[in-house]
Amino acid sequence: YDYKLIIEKKVIGPIIMQNVKRERIDLVEYGKKLGIEVREVSSIVEALKYFTGYSVDMEIKELPQLSPKVISITKEWYEEALNVYIHYRDIVKNLLGIMPINIKSVVNDLLQSAELYAKEAKDLADGGEFYAAASKMLMATYRVLTASYIAKVGTAKESEEVIKDIFQEANSTIMDILSDVYMRKVSNTHDLSVLSAAQSRIVESIYYLNIAFKSYKEGYVLDSLANLAYAVLRAKTAAMWLKLLGIREAYSINLGMIKEIASALLYNAETVYDYTSLLISESGSQSSEAINFLKESEKYLSMAKLALDMNLTLAVLELASKASSLASAAVHTTFSIALDEVVKTIRNYALFWVAKASDIGSEVSSLLLLDLANLCLNESDYVTAVLYYTLATTIAQSSILASGILTASQTITRTETVTPRTIQTLTKIITITNTITITHTEMPEKTLTITKYMTLTTTLRAPISTPSMLQIASVSYTHLTLPTN
């Protein structure tokens, strides 16, 4: 299915009333009227069969499993998060009696929410789902840590001094962990995926630390303390991930390629985000889930760029993957009618790529994401399941690329044409061609060339100096050149 916009206008004197409606179109039936056969597919792999006759073998011989060592470490994560939760919860409860009523109301809401997450975490831990349990417990801890900051400030005689102390302590914690992350090196594919996860979390921490400082300067104290609490906990999760380094042998990696791959992934994520934004905007969709996914995607793009500035290249692999996965989830939320069926195909695709990552010892991060996705699927939370499955796929693929088993080269060309300027309009057409060639180093005859063309037509209408008059139309398609073998 697709949607078309129907605009109804009614003119009453000098007033023009406009009503925009979305009407669903059955593309299969619409295609029949045009003499075109329309087939719905759930993935690019399925589409390849129809366009080229080329069939990709997606068989999974054996599903990878988390090792006992990884399970043991994720159990430690849960227990550590539980201890931190109890510590800050008790601090808050001890301050409840002396809090002003308005502060107590906010703090109680945070405590109640935290208790719900803590109970869910315990249930998951009792079932052996320690990574999901740790994630839930950290959500509970985030709330009690925020509550403790608010309680300390709300009950202090010199609140400004207390805020200053809280920021200094948080900044010190984050900088110590950042220093530790900078010191760590990788030599194999397992450590690559683990350090990528750790680096991405410390970059998130720095990102939210900056937001906390900005919010405080603008006078938003509660927002500032909440962002600061989140920054501290993201740093602590980065430290947790470092415990997974060096626990197994794996393939060696080509460190020289990683920066190029990271840049290519970031470029791809930006393209996916821009195209998705345009697609959803033109559909007229008002889906709050899709809009939220796009906002989060934009955040992760900003973090990926921050990671490059900080010379934390491995972080870009995960942050760019998250940005593109969030944008993809926004598309599914908007256009997929039978999301429960779509998620099954996306799950199979994720399992295939995680199994491939497992072959080179780089599956830990993706496997943990699969666990979260499976939990969401079992709870019929299809949208979040799509997000985690897509993210597991993208991170697995980036790990495989960075391993050096597949080598990638990218060529980007850009041409511009400008129409003669008139009094009324100035039109510029920009064509960007991005070619990525992927070659198997052990079998060089196997290559995959992906060429993306994007044309942007920009029209400025008089007065040319008015930015609000800028109109952009974008068309994008992908041509695939595949080996016959």
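**A colleague's note on charges and helices**

1. Let us begin with Asp126, which is exposed, its relative accessible area being 57%. Please keep in mind that this is a predicted model. Asp126 meets the side chain of Lys122 in a salt bridge, with 3.0 Å from N to O. Lys122 counts as partly exposed, at 46% relative accessibility. Both Asp126 and Lys122 belong to helix α4, and they sit 4 residues apart, about one turn of the helix. An α-helix has 3.6 residues a turn, so residues three or four places apart point the same way.

2. Helix α4 also takes part in a second pairing worth a look. Glu120 forms a salt bridge with Lys136, and the closest N and O atoms are 2.9 Å apart. This pair links distant parts of the chain: Glu120 is in helix α4 (residues 101-126) and Lys136 is in helix α5 (residues 130-154), 16 residues apart. Both partners are partly exposed: Glu120 has a relative accessible area of 36%, and Lys136 has one of 25%.

3. Are the partners Glu318 and Arg201 buried or exposed? Glu318 is buried, with a relative accessible area of 3%, and Arg201 is buried too, at 7%. Because buried means under 20% relative accessible area, the 3% of Glu318 and the 7% of Arg201 both qualify. The two form a salt bridge whose closest N and O atoms are 2.9 Å apart. Here again the pair links distant parts of the chain, with Glu318 in helix α11 (residues 313-335) and Arg201 in helix α7 (residues 189-217), 117 residues apart.

4. It is worth following that pair a little further. Arg201 and Glu318 belong to a network of salt bridges that also links Glu204, Arg234 and Lys322. For the structure as a whole, the number of salt bridges is 13.

5. Now for some charges on the surface. Glu158, Glu160, Glu161, Asp165 and Glu169 gather there in a patch of negative charge. Asp165, one of these residues, is found in helix α6 (residues 159-183). Asp165 is partly exposed, having a relative accessible area of 44%.

6. A last point concerns helix α14 (residues 382-402). How far should its 21 residues span? At 1.5 Å a residue, the expected span is 30 Å, and the end C-alpha atoms of helix α14 are 30 Å apart, which agrees. This helix is mostly covered, as 17 of its 21 residues are buried.

Conventions: Residues numbered from 1 in each chain as written. Predicted model: local features only at pLDDT ≥ 70, side-chain atom pairs only at ≥ 80, totals over all residues. Heavy atoms only, no water. Patch = residues over 30% accessible without salt bridge, like charges linked within 9 Å, V, L, I, M, F, W, Y side chains within 5 Å. Areas by Shrake-Rupley, 256 points an atom, 1.4 Å probe, with all protein chains shown as cover. Salt bridge = Lys/Arg side-chain N within 4 Å of Asp/Glu carboxyl O. Lys, Arg positive; Asp, Glu negative; His and termini not counted. Charge placed at Lys NZ, Arg CZ, Asp CG, Glu CD. Helix = DSSP H or I, 4+ residues; strand = E, 2+ residues; numbered from the N terminus. Buried < 20%, exposed > 50% of the residue type's maximum accessible area, 1.4 Å probe, protein only. Expected span 1.5 Å × (residues − 1).
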